[in-house]
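Biologist: I'm new to this one. Could you take me through a close look at a single part, and say what surrounds that part?

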Amino acid sequence: MKILITNNTLDTIGGSETYTYALIKELSKQHEVTAYSKRLGMISKLLQNDMINVVDTLPSDPNYFD
């Protein structure tokens, strides 16, 4: 299953960023996860180091997540 997780920021450590990071890490064990945020930084780099797809723009192809 492909899952898109969004958050306002994946930059600094904070409440929603920590929760989003943990959620993505767990879901990525069984699913293909993409993380999306307009503001990338430290959290997004940690996710990318774990081979998780992180984007700051959504694909224009409507079937991308099918």
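Modeller: Sure, starting with a term: buried means under 20% relative accessible area, exposed means over 50%, and partly exposed is in between, using a 1.4 Å probe and protein chains only. This is a predicted model, where local features need pLDDT of at least 70, side-chain atom pairs count only at pLDDT 80 or more, and totals for chains, interfaces and linings use all residues. Residues are numbered from 1 along each chain as its sequence is written, and side-chain values use heavy atoms, with hydrogens and water left out.

Let's look at V55. Because its relative accessibility is 18%, V55 counts as buried. V55 sits in strand β5, which covers residues 53-55; strands are DSSP runs of E with at least two residues, helices are runs of H or I with at least four, and both are numbered from the N terminus. So what does V55 touch, leaving out residues up to four places away in sequence? The list is T34, A35, Y36, S37 and L40, where contact means heavy atoms within 4.5 Å. Then there's L4: L4 and V55 are 51 residues apart in sequence, yet their C-alpha atoms are 10 Å apart in space.

For another setting, try helix α2, residues 42-49, which holds L46. L46 counts as partly exposed because its relative accessibility is 37%. Q48 is in helix α2 too, and at 38% relative accessibility Q48 also counts as partly exposed. From Q48 to T20, 28 residues apart along the chain, the C-alpha separation is 14 Å.
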